[in-house]
Structures are given as C-alpha cells and as structure tokens.
Amino acid sequence: MIFFNKKTSSGSVGKAKVNFCLSRKNAWLLWLCQCLNIAVIALELSTWMLAIISLSLAWQALLLHNSRDRIKTRKKEATVKHSNHLKKQQQATIVSPILLGIFALLGCLAIALTAKEVGILASMVHLLCFSYVLKAFELKARRDFYQLLLLGLFVLASSLIFRQDLLFSFITLTLLVINLSVLLQFFSSEKTFATNIKVMAVILGQSTILAVVLFLVFPRLSPFWQMPSAKSAETGLSDTVKPGDIANLSRSTKLAFRADFGQQGIPNYSQLYWRAMVLEDYDGRQWTRIKAALKNTVKQSPSNTFSVNPNDSDIVPLNYQVTVEPSFQKYLFALAPAIASNASNGIRAKSDFTFMSSKIITQAKSYQLSSYLSLPLSLVLSEHSRTVNLNYPEGSNPRLEQMALQLKHNYPDAQARAQAILSRINKQNYSYTLQPPLLINNSLDQFFFDTQAGFCVHYASAFTFIMRASGIPARLVTGYLGGEYNGSNNEDDYSEKGHLSIYQYDAHAWSEIWVKDKGWVRVDPTGAVDPERVNSGWSNELLQEQSKLNNELFSLYQMKNIAWLNSLRLQFDILDYQWTRWVIGFNSKQQYNLLKHWFGKMASWKFALIIAIALVISMVMLMLFLHLFNRSKVKKQPLSKWQLVYQKALGKLAKQGIVKPVAMTVNDFSKQVREQYPELAIVFTRLSVSYNCLSYQILSTDEQLKHIVKIQEQYRDFVQTLKKQP
Amino acid sequence: MPQTPLIVDQVQASQQSITAILNKIESVVLGKPKECRLALACLLAQGHLLIEDLPGMGKTTLAHVLATTLGLSYQRTQFTNDLLPADVVGFSIFDKETNHFKLHKGPIFNQVVLADEINRASPKTQSALLEAMAEQQVSIDGITHELPIPFFVIATQNPLFHAGTYPLPESQLDRFMMRLSLGFPDLKAEKKILLNTSQRTNKTAPDNKIDNEGVIKQEELIAMQNAVTQVNVSNDVIEYIIALSHVSRRAYSSHSNVTNTIHANTQVNEPEISCKPLSPRASKALLQAAKAMAFIDNRDYVLPDDVQAVFYVVCQHRLEMQPSQQLGSSHANDTSVANKILKCVDVLNPLGHA
C-alpha cells in the first residue's frame with residue numbers, strides 16, 4: 001500500500017523535475033545494497049561481467065566519496081551560493097550521459113556476442129545486472145531511484161532461479177528486507193537504518209499472510225509458471241565413468257537427494273545401495289551406459305520390467321519417498337528392485353532396474369517407490385544383454401585377462417570366483433583412497449597390480465573387468481551408498497519421522513554379476529578393501545583425507561567430529577528438507593490435491609472459481625483490515641454539529657460550482673461567495689458569522705445551544721435561497 | 001455580533017487609542033496600512049521586530065514612528081562592522097573622583113532600541129543583543145542589569161545580497177517575532193511622499209521631525225499588552241497552529257500521528273516542502289501575534305484569519321532554508337514556503353479528524 005502511495009507521488013514529482021538528491025547516508029546505503037544484490041547472483045555471472053560490475057561499483061563509490069570532499073571544502077566558504085553548490089554536488093555524482101551511453105552500448109554488445117556461449121538465460125541475467133549497475137549513475141529524479149530499487153528486487157528474484165535451498169532463500173529474504181528498508185530510509189531519513197529495517201521486517205511479516213494465500217491458491221498455469229532451467233549438470237553422476245571420476249565427486253558435500261521411509265524402519269546401511277545408472281559398455285577406458293538399451297526397453301518393457309504379484313504376501317514392500325535435488329539430468333535413485341507407486345508419474349522404470357525421469361530434473365522432484373530388497377533381479381538374461389555384458393576390448397588389460405583365465409580355471413563357480421578376487425583384494429596390500437595415483441590411459445592393469453590404491457570405481461571396474469574376462473556377465477552400477485539418518489534416534493517414537501539425506505560424497509560404484517538362478521548379484525569390491533565404507537559410511541581416515549583435499553573452513557570431518565556443530569547441521573538439514581518438500585516441491589498437482597482435500601473433487605471451473613473467490617476475499621479482508629487499522633490510529637473526534645451544518649452548506653455550494661479551497665478561511669470564503677453569488681451573500685454571510693462564532697469564540701453551553709439553533713435556522717434559510725436560484 | 005467584553009469602557013478606550021496609533025503611523029509611513037498593522041501587532045504581542053528591505057524604503061521611519069507613537073524612550077544605534085558589543089550594551093569606566101567603576105549604559109537601556117542595519121555588524125555584536133532580547137536583561141562585567149519595561153528591539157537589515165552583510169544566525173532570527181519588509185510604495189503613496197518632502201523643504205524644520213508626543217502612555221501600552229494576552233483562543237485555532245507547524249516538521253518527525261494525518265489530509269501529489277521546522281517558540285509567537293491581530297481588529301477571540309494574516313511575517317524567516325534572494329513584500333509571492341504551508345492545511349479541520 002505504502003509503496004503505491006509513494007509511486008503516485010513520484011509521478012507528479014518526476015514531472016515537476018524537482019531537484020532530486022539522495023542524502024549521503026542513503027546514497028551509500030543504496031550502493032551497499034547494490035553490492036549485496038550483485039553478490040547474491042555473482043556466481044552466475046561470467047568473470048568479465050563481474051569485472052565490469054565491480055569496476056562500475058568502485059567508480060560509483062569514488063564519486064560518492066568525492067562528493068563528500070566537495071561538501072567539506074565548501075562548508076568553509078560562505079553559504080551564500082549554497083544552492084549552486086548543491087547543484088554542483090549533484091552533478092558530481094552523475095556521469096555524462098554520452099559516456100554512459102557508449103559504455104552501455106559496448107556492454108550490450110559484449111553480452112550479445114557471448115550470448116551463444118552462455119545461453120539465453122544467463123545472458124539475460126548479465127544484461128539485468130549490467131543495467132542495474134549502470135542505472136545507478138543516472139539518479140536524476142526520484143523515478144530513477146525507484147527504478148533502481150525495482151531492478152534490485154528483480155536481480156534478487158532472478159537469483160532464486162539458480163538456487164532455492166533454505167539458506168539461500170533466507171539470504172535473499174534478508175536482502176529483500178534491506179532493499180526495501182533503503183526505500184523506507186529515503187522517506188524517513190531521520191530514523192536510524194536499524195529501526196527502518198525493523199519496520200520493514202514487520203511490514204513484510206504482515207504481508208506474509210497474503211503471500212501464503214497466494215502461494216497456496218494462485219493458479220500455477222504452466223506456460224507462465226515455470227522456472228527456466230538454469231544450468232546443466234554440475235555435480236552428480238554422469239553417463240560415463242572412468243576410474244577416478246567418483247573420487248572427485250566425493251569432495252562435494254552437496255545434497256543429492258533425500259529419502260523418507262515414513263513409519264517404516266530404515267534398512268541397514270549396507271542395504272542402501274541407491275541405484276542410479278547401470279553401465280554396461282566398456283571400451284577399455286571408460287564405462288558407458290548403452291544408449292541402444294534404451295530403445296530396447298521401450299519395445300520389451302512389458303515383459304522385461306520388474307513386476308511383483310501383489311498377492312505375494314511373503315514379501316513386505318519397503319515404501320518410501322525420494323525427493324531429488326535438481327541434478328539437471330534424468331536419472332533417479334531407487335533401491336533395486338523397486339516399482340514406482342501409481343501416484344508418481346513422470347517416472348519410467350527401465351529393464352536394468354533403474355528409473356528415469358521423463359524430463360530433466362531442474363527442480364526438486366519427489367516420487368514414491370516400493371522396493372522388494374529380498375527379491376532377485378531378473379532371473380532371465382537375454383542373449384543380447386549377455387553378449388553386451390561379456391564384451392570387453394581384448395588386449396586392453398593383458399595382465400588382468402591372464403589372471404581371469406587363471407581364476408576361471410581354478411574356480412568354476414561364478415560366486416566362488418568372485419569371492420576369490422575379493423579375498424585377494426582384502427588380503428593383499430590394497431588401499432582405499434580419495435587420491436588415487438594417476439593411471440596411464442586409465443589402465444586397470446596398472447591399478448590392480450602396481451598402484452593398488454584407488455576409490456570405489458577402481459575396484460568395481462577392475463572386478464567387473466575380471467569377471468567379464470573370465471566369462472561371467474558383469475556390469476558396473478553407479479549410484480549412492482548409504483545416507484545420513486536425520487531424525488529422532490528413539491526407536492519407539494515413530495511419530496517424529498526421520499529421513500535419510502544422501503550427499504554427493506555418498507556416490508558409489510559397485511558391480512553386478514549374473515549368476516544363474518540368482519539373477520544379477522550385487523558384489524561390492526569396496527567392501528573388501530574398506531569394510532567400514534560399506535557398513536557404516538566414511539571412515540575417519542577418509543574424512544580427514546577429504547577435509548585436506550577440500551581445504552574448507554568447515555570440512556565434513558570437522559563437522560562430524562564436533563558434536564554440537566553436527567547436530568546443528570542435522571537440524572538445519574531437517575529444516576531444509578521440509579522446505580524442499582513443502583515449499584519448493586509445491587507444484588500445481590500438489591496444489592490441486594490440497595484443494596481437493598479441502599473442497600472435495602470438483603470440476604476445474606469450480607476450482608478456478610474457488611481460487612478467484614478466495615483471492616478476492618483475501619484482498620478485501622486485507623483492505624478492510626488495513627482500513628480499520630489505520631482508522632483506529634486517528635483519534636476519533638466527531639465533527640461538531642455546526643461543523644456538519646457548515647460542511648453541508650459547502651457541499652451545496654460546491655454543486656453550484658463554488659468550491660472552497662481547504663486553506664481559505666470562513667470569512668474569506670464568504671467574501672468570495674458575496675462576489676460570485678450576490679443573491680446568496682446575506683444568508684451565507686450570516687451562516688459564516690455564526691460558524692465563526694461557534695467555532696472560535698468561547699461560549700457557555702447555553703449560548704452554544706442558542707447559536708446552534710440559530711445556525712440551523714440560517715442553514716434552512718440558505719437552502720431555501722439556494723433553491724430559489726434558477 | 002455579541003461580545004463578551006472585559007470591561008466595555010476599557011476596551012472602547014483601547015480601541016480608540018489603537019485607531020489613533022494606526023492613524024499616526026500611517027500618516028508617516030504612507031501607503032502601507034497592512035505593514036503598519038503588523039508592526040503594531042508585533043509590539044502589542046511583546047515581540048521584537050525585524051524590518052528587512054532595501055535602503056531607503058522607510059524602515060527606519062517605521063521603527064522611529066512606532067517608538068514615538070507608543071511614547072517610549074528610544075535610541076538608535078547604527079550597526080557597522082566595527083561595532084563592538086560594549087558599544088551596544090555599555091561598559092564600566094573608572095571614575096577617578098569616586099575611585100569606583102561607573103557604568104556607562106549603552107543604547108540598549110532604552111525601551112525601544114533601533115538596531116539599524118543589524119546585519120552589518122559582526123556576529124559577536126549581534127549576539128550581544130541576544131541576551132537582551134530573550135531575557136530582558138544584560139550582563140556587564142558580571143553584573144546583571146534589568147532592562148526597562150516594555151523593551152523592544154526593532155532591527156532593520158539590508159538584504160543579504162548587499163555588500164558587507166553578515167547573515168543573522170538562526171538563533172537570533174528566531175528571537176524576532178516578525179520579519180517585515182515594506183516593499184515599494186504604490187503610485188499614490190509615492191506621489192504623496194514626494195509631495196511631502198518638497199513641502200518640508202519649503203517650510204522650516206519643525207514639521208520635518210515627527211512630533212515626539214506619544215499617542216498613548218506607557219501604562220496604557222502595558223494594559224493593552226495584557227489585554228492581548230487575554231484574547232480568547234478556541235481549540236480549533238490552537239489545532240490550526242499546531243497543524244501548520246507540524247507541516248513544517250514533516251521531514252523531521254514523520255512518526256507522529258498528527259503529521260501523518262495531515263499528510264493524509266493534504267493531497268499526496270502536493271510537492272514536497274523543504275523548510276526548517278518551526279519550533280514551539282515559533283508556534284507561541286504565532287499565537288501571540290494572532291491574538292494581537294485579533295485585538296487590533298477589536299475582537300476578543302482569534303480567528304484563523306488572524307493566524308493567516310501573521311503567518312508569513314512570523315514564520316517565513318524561521319522556515320527559509322537559505323535567506324531569500326529576492327525581496328518580497330510581507331504578503332509575498334505564492335511560492336514562498338510559508339504560503340505553501342498555509343495551503344496544505346484545512347482551516348475547518350486542521351488535524352484531519354474523521
């Protein structure tokens with residue numbers, strides 16, 4: 001409301017070209033505000049743009065600083081030419097428009113040239129930030145000030161395109177308050193900035209009601225209500241895996257996804273193999289997902305995908321909800337074998353027991369799954385997939401191949417053969433490390449026989465290779481292992497449910513071998529070298545190693561070892577989970593469900609009607625509330641009788657075309673009436689005199705009553721004379 | 001119109017003398033009845049008067065005639081840039097015969113002090129007037145001397161763009177109840193002035209001097225001043241004055257309810273008024289001056305008209321951000337801050353009651 005008022009006043013002021021000059025404090029606050037706003041979005045800007053922006057900001061700071069010096073020197077002089085000085089000071093903060101124009105043109109050109117590289121969205125953001133910074137150079141009128149502030153808000157809003165987690169949202173909200181406080185500061189400059197911030201926070205707090213209502217009921221029409229997809233994959237698993245890949249990933253402490261098991265108990269850590277991708281194609285260097293397999297599944301899907309007979313009462317499904325953070329890829333996570341519950345759409349199950357999203361995941365997405373951990377994975381192996389999973393480039397790792405042949409000879413049974421390799425890994429001097437030595441050409445030979453130090457991918461790749469070389473169908477699976485439980489540890493207290501948070505550093509790779517009658521059997525060679533990793537998570541050595549690598553202030557190792565910090569982190573994680581689940585994940589479907597829950601099933605037009613009515617009602621309520629709120633503040637002092645009478649007379653005169661300016665006194669007005677309407681002169685003058693008498697003279701109550709009767713009579717006379725007029 | 005007179009006789013007598021005084025002043029300061037009334041109102045309201053105008057506009061004449069018609073002792077001091085405080089206030093001289101310091105009273109020990117061209121003196125000398133104006137007393141060598149009652153300072157000043165002027169500090173400006181400027185006389189008045197002067201040169205001296213006979217006596221003046229303070233002021237007028245001063249304070253105290261309602265009352269699109277805020281002393285002066293106007297108009301209650309009549313002269317010099325560059329007459333141009341403020345406030349409902 002306030003904002004609108006100010007805006008209307010700005011229009012007239014803008015036209016009047018009133019000298020506009022921000023106070024020094026305000027100017028600096030505005031500058032600071034700009035810096036902060038830019039800082040929020042800085043990560044998305046390219047380096048050259050950041051350079052330009054920081055240059056401009058520095059330039060502006062310099063101008064502001066100079067203007068102070070100028071004032072200082074001038075204060076010593078006589079104040080006679082004060083107004084001139086003001087003008088000069090104002091000019092000091094304004095750069096010549098031609099220079100600015102050239103600068104702007106060059107900047108736009110640069111943005112246009114790089115647009116192809118960085119993408120349309122990023123270039124638009126560049127343009128926005130660029131204009132935001134340049135606008136500050138031409139603060140000539142109040143209008144410009146408003147524009148600058150609005151641009152700032154726009155910058156803030158667009159920074160939310162890129163990140164939406166709780167912490168970031170909170171930062172953005174804080175900045176919003178600061179931005180608006182700068183606006184408020186402009187109007188109540190005598191108050192301290194802190195009080196203005198308080199006022200603004202209160203105002204925003206009050207407006208949350210409206211925000212919540214809008215959030216819940218405002219229709220999310222898909223063409224307008226879409227977040228542009230901001231980035232491509234940044235962290236996360238990729239389609240191809242080389243040995244050494246996942247070790248990099250495990251430096252990241254970013255969240256990958258969360259799983260909520262509801263009332264059920266969470267399976268053992270070692271059961272939590274979150275399957276993301278199955279990599280079957282090995283070219284001697286890296287593992288790749290087979291694109292062709294994708295087409296196959298579409299054809300064969302009915303026969304080949306996993307299905308469970310619901311009547312099979314032996315197996316109790318494990319139901320859970322997974323909420324994926326935006327990964328900008330399509331793969332999803334599941335505990336194989338699993339089926340997606342009916343409620344989750346946009347999800348495709350694939351023949352290799354992984355799940356894909358039908359669209360690239362740009363926003364937090366959640367889906368329901370039911371897993372049957374004890375069931376085997378596909379007992380039938382198609383000929384095609386057998387050849388694929390036995391295929392390896394011959395001669396790529398001769399020593400391993402040789403060993404495989406030897407093992408094939410010694411251990412005819414597939415599982416025994418696998419066990420033999422695992423025990424070799426366990427017994428010999430293999431080590432599990434985040435910093436594996438560099439391998440030439442990603443040679444598995446070199447790893448397995450020479451360096452003998454590696455991360456999960458090394459072990460899984462080598463293992464799979466050996467298995468394939470020895471004639472057992474095997475494949476590499478990537479995904480995540482484990483997760484961090486966040487919730488009450490009390491077993492009995494199921495009302496407070498916890499959830500699992502799976503971070504990027506939980507990324508893992510393991511292998512699967514196909515055993516007849518058992519289907520695909522999961523074998524995790526990592527368990528042979530570092531059992532702790534598989535059974536309970538990262539060992540302390542690994543954590544330390546990671547903290548060394550990351551060189552962060554609050555490394556994961558420290559976090560996990562300082563109890564209160566860890567509990568704080570976990571608390572925040574809970575909050576963030578709820579935020580992601582209920583706020584960011586609130587899409588049109590959930591909205592529809594919510595409304596359905598409230599009002600029952602209905603036609604969409606009814607639905608729209610309800611939304612519209614709700615909006616209107618909430619707005620009306622708000623207006624009413626504000627109105628009453630404002631009114632109650634003014635001390636209610638009803639108009640006296642004579643004031644009412646006089647006002648009525650004024651109303652009648654106004655209809656005749658004589659309007660009394662507010663600042664005109666009663667006497668002056670009666671003079672004016674006398675000149676314009678001589679016929680009314682006598683009656684109106686009498687009325688005026690009585691009014692003056694009642695209003696300004698000190699009268700006793702008796703006299704007052706007499707006068708009131710008199711003024712009413714005079715009013716009647718006045719009305720009659722007025723009626724006689726044509 | 002029925003009145004509640006104090007004592008009818010007394011009022012009638014004082015009204016007669018007021019008419020007489022006004023006639024006398026207007027016979028000397030020609031063609032400026034409004035300014036004469038304001039000047040008289042200022043003295044009746046016990047305020048000091050500042051007359052600002054170009055040289056030769058009759059400032060000194062007005063001051064002089066005011067003093068003499070009211071029958072007060074009067075001394076004129078020409079302020080120059082080398083005038084020292086002691087020259088105004090007085091100083092002690094060692095008397096060899098009595099072996100004592102003897103106070104040599106300065107011109108300030110008169111009932112009317114005409115400080116001519118006050119802004120030519122250095123700020124130090126200007127401030128010597130300060131204590132005298134506020135406290136009606138002066139301190140010389142640590143001894144406080146009471147000044148005569150009634151005591152007025154009538155100061156004249158040249159516009160600030162004139163060479164060799166020091167601006168009066170705000171604190172001192174605030175002590176003057178009114179700042180008047182006479183402005184150019186109209187055709188008729190100027191003709192009369194010119195005729196008068198030529199007559200004077202024809203005749204010999206005596207008529208040249210304004211006769212020093214006072215129209216009223218000191219006691220009468222004091223009685224009139226007391227009567228002015230007893231003029232009734234209704235709640236509406238008080239609120240009107242409050243509203244006016246709050247408009248000027250808008251930029252400084254937006255938290256007060258009063259200001260907000262006035263703000264809401266006056267249109268939003270009204271341009272921002274940049275001015276210094278009016279102090280409570282200014283409001284008091286405004287009220288007092290309005291009372292004096294009412295008294296001169298033979299009323300025992302104040303109308304908003306009175307407030308409007310004195311608002312410009314009482315408040316303009318306290319409102320101006322910088323001393324005015326151009327000279328206006330006392331009821332000057334519409335763009336002046338004072339007039340802008342007047343236009344903001346609803347006379348009938350100043351505080352914007354519902």
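## Exposed lysines, a buried isoleucine and backbone exceptions

At 74% relative accessibility, A:Lys655 is exposed. The cut-off for that label is over 50%. This is a predicted model. A:Lys655 sits in helix H24 of chain A. That helix covers residues 641-655.

A:Lys655 also belongs to a positive surface patch. Its partners there are A:Lys648, A:Lys652 and A:Lys723. Helix H24 gives the patch its largest share, three residues.

**The two chains**

The table sets out the overall values for each chain.

| Chain | Residues and buried share | Helices and strands | Accessible surface | Share from carbon and sulfur |
|---|---|---|---|---|
| A | 726 residues, 46% buried | 27 helices, 18 strands | about 37700 Å² | 60% |
| B | 354 residues, 52% buried | 13 helices, nine strands | about 16200 Å² | 54% |

Contacts that span long stretches of sequence can be read chain by chain. In chain A, take the contacts between residues at least 6 apart in sequence: 73% of them join residues at least 24 apart. In chain B, take the contacts with a separation of 6 or more: residues 24 or more positions apart account for 78% of them.

**A buried isoleucine in chain A**

Is A:Ile38 buried or exposed? A:Ile38 counts as buried, because its relative accessibility is 5% and the cut-off is under 20%. The residue lies in helix H2 of chain A, which runs over residues 24-41.

Which residues does A:Ile38 touch, leaving out those up to four places away in sequence? They are A:Ile53, A:Cys129, A:Tyr132 and A:Val133. A C-alpha distance can be added for A:Ser54. A:Ser54 is 16 residues from A:Ile38 along the chain. The C-alpha atoms of the two are separated by 9.3 Å.

**Backbone exceptions**

Most residues other than glycine have a negative phi, and most peptide bonds are trans. Two glutamines and one proline deserve a look here.

A:Gln452 has a positive phi, near 55 degrees. Where is A:Gln452 placed in chain A? It is in the loop between helix H15 (444-451) and strand E13 (453-454). A:Gln452 is buried, with a relative accessible area of 12%.

B:Gln46 also has a positive phi, near 60 degrees. This glutamine is in a loop of chain B, after helix H2 (33-44) and before strand E1 (48-52). B:Gln46 counts as partly exposed, because its relative accessibility is 41% and that label covers values between the 20% and 50% cut-offs.

The proline is B:Pro150. A cis peptide bond joins B:Ile149 to B:Pro150. Omega of that bond is about -10 degrees. B:Pro150 sits in the loop between strand E7 (143-146) and strand E8 (152-157) of chain B.

**In brief**

For a tour of chain A, begin at the exposed A:Lys655 and the rest of its positive patch. Then turn to A:Ile38 in helix H2 and to A:Gln452 with its positive phi. In chain B, go to B:Gln46 in its loop and to the cis bond at B:Ile149 and B:Pro150.

Key: Residues numbered from 1 in each chain as written. Chains lettered and ligands numbered in written order. Predicted model: local features only at pLDDT ≥ 70, side-chain atom pairs only at ≥ 80, totals over all residues. Heavy atoms only, no water. Helix = DSSP H or I, 4+ residues; strand = E, 2+ residues; numbered from the N terminus. Buried < 20%, exposed > 50% of the residue type's maximum accessible area, 1.4 Å probe, protein only. Contact = heavy atoms within 4.5 Å. Areas by Shrake-Rupley, 256 points an atom, 1.4 Å probe, with all protein chains shown as cover. Patch = residues over 30% accessible without salt bridge, like charges linked within 9 Å, V, L, I, M, F, W, Y side chains within 5 Å. Salt bridge = Lys/Arg side-chain N within 4 Å of Asp/Glu carboxyl O. Lys, Arg positive; Asp, Glu negative; His and termini not counted. Charge placed at Lys NZ, Arg CZ, Asp CG, Glu CD.
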